[in-house]
Number of protein chains: 2
Amino acid sequence: MPSPDSAPNRNTRQRRAIRDAFVTADRPLNPNEVLELAAAGHEGIGIATVYRNIKNLVEEGWLTTVELPGESARYELAGKAHHHHFHCKQCGKVYELSGCLSGFKAMAPEGFEVTGHEVLLYGVCRSCGEAR
Amino acid sequence: MPSPDSAPNRNTRQRRAIRDAFVTADRPLNPNEVLELAAAGHEGIGIATVYRNIKNLVEEGWLTTVELPGESARYELAGKAHHHHFHCKQCGKVYELSGCLSGFKAMAPEGFEVTGHEVLLYGVCRSCGEAR
DNA sequence: CTGCGTGCAAATGCTTTGCAAAGAC
DNA sequence: GTCTTTGCAAAGCATTTGCACGCAG
C-alpha cells in the first residue's frame, strides 16, 4: 500500500452513466433521479450502485451534497461558486440561484461565531407558473 | 359526525409529558429528544406515542416543524414570530435567532415566484466558544 | 360505560452492506 | 489473471400503522 488514499476508481459503464446524469441535468439530483436518468439511455443499473457511486464521487470531491429541509439529500457538481437553491412547491424540482445576501453574521447573538449559512427559497418556478 | 374537524384529544399522562418537554426545553426537539425528556420524570412512554402526538400537535397548530438540512425533523412551539435558526457544529444544538434579512426575492430569476424562505446559520455557539 | 389513546410488534420506505459473479485494466 | 465494481437480496434505521387492551371523560 504505497499511497494511503488514491482510490483506483475504475471507469465502468455505470459510473459513466451516473456522471453523465449530473453533467446533463445541471441541477441537484437525488439518488432516485440519478437512477432514472442514468438508466434512461443505458440498460439497467442498480440503485445500490447509484448510492455507492454517489458516495464515492462525493469523497473524491467531484460532487457536493445539497441538503434540503425535509427532503432526502441531493447532489450536484462540485466547484461551483457560492450559491443557494430554489425549491418549487409545485413540481418539486430544485434550481440553483446565483448571488447571495450579506449581513447574516448580524443575525446571530453576541458570542456566537458564524462560519457558514444556508438559504433556501420556496415558491413556484417559471414553468409551473406559466402552466397555470 | 357533527363538526368535520375538532379532534376530541384526550388529556393523557403521556400527552402531558410530551407537551411539558417542549415547554421546558424551549428549543427545537426531535422525536428522540422528546422521548427522553418525556420519559424522564414519568414512567415508560412509547416512541410510537411520541410520533403520534407530535403529528397531532402539529395538526392542532400547537407545534411547528423545523426541518434542518441533513437532520431529522424537529419541532418547536408554534406562534412565535418569524425567525430562523443557528446550528452549532460543536454541540449540535439548535438555537432560535431573532430578526431576518430582506431582499430574498431579488435572488430568484425572473418568472420565479418566491413565497417563502429558510435561513440557517452554522457556527459555534457561545458556550462552545467559551469552553475552547 | 364508550371510545379514543397507548404499547407492542409488524410494516414501510430509504439507504447501506454481504457476497458471488462480471468486468476493468 | 487480479482486484474492483456490480447486482441482488438481506440488513439497518427512522417512522408509521394494525390491533387488542387500558384509561379518560
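The surface near DNA strand D is made up of four nonpolar, nine polar and six charged residues. This is a predicted model. In total, 19 residues surround DNA strand D, and the closest are Arg10(A), Gln14(A), Thr49(A), Arg52(A) and Tyr51(B). Three helices each supply at least two residues of this surface: helix H1 (13-25) and helix H3 (47-60) of chain A, and helix H3 (47-60) of chain B. Both protein chains therefore take part in the surface near this strand.Of the atoms of DNA strand D that lie within 4 Å of the protein, 67% belong to sugar or phosphate, and the rest belong to bases. Individual polar contacts show both kinds of partner. On the backbone side of the DNA, an N or O atom in the side chain of Gln14(A) is 2.8 Å from a sugar or linking oxygen of DNA strand D. Gly46(A) uses its own backbone: one of its backbone N or O atoms lies 3.1 Å from a phosphate oxygen of DNA strand D. On the base side, a base nitrogen of DNA strand D is 3.4 Å from an N or O atom in the side chain of Arg10(B).

The other DNA strand can be read in the same order. Around DNA strand C there are 17 residues, of which Arg10(A), Tyr51(A), Arg10(B), Thr49(B) and Arg52(B) come nearest. Sugar and phosphate account for 61% of the atoms of DNA strand C that come within 4 Å of the protein. By class, the surface near DNA strand C holds four nonpolar, nine polar and four charged residues. H3 of chain A and H3 of chain B each supply at least two residues of this surface, and the largest share, four residues, comes from H3(B).

Arg10 of each chain has a polar contact with a base of DNA strand C. In chain A, a polar side-chain atom of Arg10(A) lies 2.5 Å from a base nitrogen of the strand. In chain B, an N or O atom in the side chain of Arg10(B) is 2.5 Å from a base nitrogen of DNA strand C. Gln14(B) reaches the sugar-phosphate part instead, with a polar side-chain atom 2.9 Å from a sugar or linking oxygen of DNA strand C.

The next topic is the relation between the two protein chains. Chain A is superposed on chain B by a rotation of 180° with 0.0 Å of shift along its axis, at an RMSD of 0.5 Å. The two copies are thus related as by a two-fold rotation axis. Of the interface residues of chain A, 97% are also interface residues in chain B, so the copies meet through the same surface.

Strands from both chains also join in one sheet. This open sheet has six strands in the order E4(A)-E3(A)-E5(A)-E5(B)-E3(B)-E4(B), and its pairing is mixed. Its edge strands are strand E4 (94-96) of chain A and strand E4 (94-96) of chain B, each of which pairs on one side only. On average, neighbouring strands of the sheet are turned by 25° against each other, direction ignored.

The individual pairings can be followed from the edge in chain B. Strand E3 (residues 85-88) of chain B is joined to E4(B) by three bridges, and the two run antiparallel. Within that pair, His85(B) stands opposite Glu96(B). In chain A, strand E3 (residues 85-88) and strand E5 (residues 113-124) run parallel and are joined by four bridges. Here Cys88(A) stands opposite Gly123(A) in E5(A).

Where do the two chains pair within the sheet? E5(A) and strand E5 (residues 113-124) of chain B pair in the antiparallel sense over 11 bridges. One of the residue pairs is Gly116(A) with Tyr122(B), its bridge partner in E5(B).

Notes: Residues numbered from 1 in each chain as written. Chains lettered and ligands numbered in written order. Predicted model: local features only at pLDDT ≥ 70, side-chain atom pairs only at ≥ 80, totals over all residues. Heavy atoms only, no water. Near = heavy atom within 4 Å. Polar contact = N/O pair within 3.5 Å; in protein donor to acceptor, adjacent residues only side chain to side chain. Nonpolar A, V, L, I, M, F, W, Y, C, P; charged D, E, K, R; others polar. Least-squares fit on C-alpha atoms with pLDDT ≥ 70 in both. Contact = heavy atoms within 4.5 Å. Pairing = 2+ DSSP bridges. Axes fitted to C-alpha atoms, helices over the stretch in contact; angles between N-to-C directions.
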